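Visitor: I am new to this structure and would like to know what stands behind the words people use for it. Could you take me through them?

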Amino acid sequence: MFVESNVSLQPYNSFGIAARAQHLLRLHGEEDVRALLAHPQWRDAPKFVLGGGCNTVFTGDVKPLVLKVEIAGRRLVEASARAWIVEAGAGEYWHEIVRWTIEQGWPGLENLAAIPGTLGGAVAQNVGAYGVELQDRFESLDAIDLQTGRSFTLNAAQCAFGYRDSVFKHEAGGPNGLGLAGRALITRVRLRLPRPWKAELDYLDLERKVAETGIDTPDAGQVFDWVCTIRAAKLPDWRVLGNAGSFFKNPAVTPEQCTDIIAREPRIVYYPLADGRIKLAAGWLIDACGWKGKSMGRASVYEKQALVLVNRGGREDPVTGGEVMTLAKAIQTSVYERFGIQLEPEPVVV
Ligand code: EPU
């Protein structure tokens with residue numbers, strides 16, 4: 001077992017923040033986790049699980065032992081009349097899993113194309129885009145308890161998926177009780193791709209593509225290409241301009257709150273939710289407060305999508321996590337003062 005010391009985390013987070021890990025261990029399989037848990041020096045040390053670092057803001061050096069998940073492997077587990085079930089290692093890149101399943105003729109993940117990060121990270125934050133969330137394609141996962149070394153399997157209900165949320169984003173004993181952040185490590189994930197396949201085109205940007213191209217029965221490869229094009233037009237590529245995707249969640253409000261806001265702001269963008277509440281477009285709220293393109297230090301609001309905060313300092317003179325959070329707090333304050341709405345950050349702040 002080789003624990004690296006004083007490791008730069010800059011290549012391992014999509015903002016390009018130059019934090020360091022005091023100690024870092026790369027995990028390639030379950031056996032590496034077992035070796036760690038048998039090690040007298042490291043077994044009881046506090047631990048931080050890192051996937052692709054695409055939804056993480058480092059505000060300083062990381063003292064807990066960083067477990068960098070690099071578990072690979074992909075296979076078809078089952079093909080029945082009702083679904084294809086595929087399994088992959090938590091360290092596989094999410095977009096490569098999406099591409100691979102479509103190339104193999106197992107469609108269903110195409111709306112989630114071009115989302116950066118690893119499979120484990122995609123599950124932990126229940127990624128979603130263009131009308132589909134990871135939980136809609138989830139079958140089960142294998143994980144290891146980092147205290148006892150016990151392996152266990154969770155189904156969707158046990159993962160407690162929510163909007164950009166799961167049991168893996170919460171610490172044990174947190175406000176909603178059971179949390180597995182820092183306590184369990186996802187090793188393998190199984191995805192269920194339902195048959196017969198049906199294109200999910202119920203999202204304005206995709207409806208526009210259908211109208212533009214005249215293709216009203218696209219195959220999965222076509223939807224995959226559309227989603228890649230739409231994302232590339234709106235969202236910065238983190239390899240060019242560091243960022244962590246949407247920085248805030250879209251807030252859900254009661255119809256009463258919404259009526260009041262709509263009366264004051266008739267152009268506001270909103271969507272009704274199944275539970276009766278109404279989801280407001282956080283990007284619109286931030287944009288309406290005049291933040292698009294604005295900077296504080298080396299942290300900026302992306303000029304094409306106000307929901308995305310970016311690193312203007314590049315790799316040489318990178319933004320700090322503190323600068324990102326200062327800008328985020330200023331945005332939260334101005335949205336609260338104008339609309340009475342508290343925006344909640346989406347990334348994990350370490
Ligand atoms: N809008 C503005 N100004 C802006 C940004 C957005 O007016 O600066 C308006 C848009 O015109 C549109 C509405 O807000 O009418 C919603 O914008 P968009 O369709 O771009 O989606 P979003 O709500 O900003 C969400 C997800 C994205 C996901 C897209 C597509 C969240 C927090 N974000 O963004 O997810 O890709 O929908 O489904 O739910 C991520 O989580 O990192 C992420 C990128």
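Visitor: What makes the meeting of the side chains of arginine 164 and glutamate 346 a salt bridge?

Guide: Happy to explain, and please keep in mind that this is a predicted model. The rule asks for a side-chain nitrogen of Lys or Arg within 4 Å of a carboxyl oxygen of Asp or Glu. Between arginine 164 and glutamate 346 the distance from N to O is 3.3 Å, so the pair passes the 4 Å limit. Across the interface of domain 2 and domain 3, the rule finds one salt bridge.

Visitor: Where do the domains of the chain begin and end?

Guide: The domain assignment gives domain 1 as 4-69, domain 2 as 74-194 and domain 3 as 243-349. The C-alpha centres of domain 2 and domain 3 are 27 Å apart.

Visitor: How many residues does each of domain 2 and domain 3 bring to the contact?

Guide: Five residues come from domain 2 and five from domain 3. Together the two domains bury about 460 Å², with 43% of that on carbon and sulfur atoms. On the side of domain 2, Tyr163, Arg164 and Lys169 supply 89% of the area buried against domain 3.

Visitor: Which classes of residue does domain 2 show to domain 3?

Guide: That side has one nonpolar, one polar and three charged residues.

Visitor: Why does the approach of glutamine 305 to the ligand count as a polar contact?

Guide: The cut-off for a pair of N or O atoms is 3.5 Å. A polar side-chain atom of glutamine 305 is 2.8 Å from an oxygen atom of the ligand, so this pair qualifies. Tyrosine 130 places a polar backbone atom 2.7 Å from a ligand oxygen.

Visitor: How much of the ligand does the protein cover?

Guide: On its own the ligand has 830 Å² of accessible area, and the protein covers 83% of it. The ligand is surrounded by 24 residues, and the closest include Tyr163, Asp287 and Glu346.

How values were computed:
Residues numbered from 1 in each chain as written. Predicted model: local features only at pLDDT ≥ 70, side-chain atom pairs only at ≥ 80, totals over all residues. Heavy atoms only, no water. Domains from an automatic or database assignment. Contact = heavy atoms within 4.5 Å. Buried area = accessible area lost by both parts, 1.4 Å probe. Nonpolar A, V, L, I, M, F, W, Y, C, P; charged D, E, K, R; others polar. Near = heavy atom within 4 Å. Polar contact = N/O pair within 3.5 Å; in protein donor to acceptor, adjacent residues only side chain to side chain. Areas by Shrake-Rupley, 256 points an atom, 1.4 Å probe, with all protein chains shown as cover.
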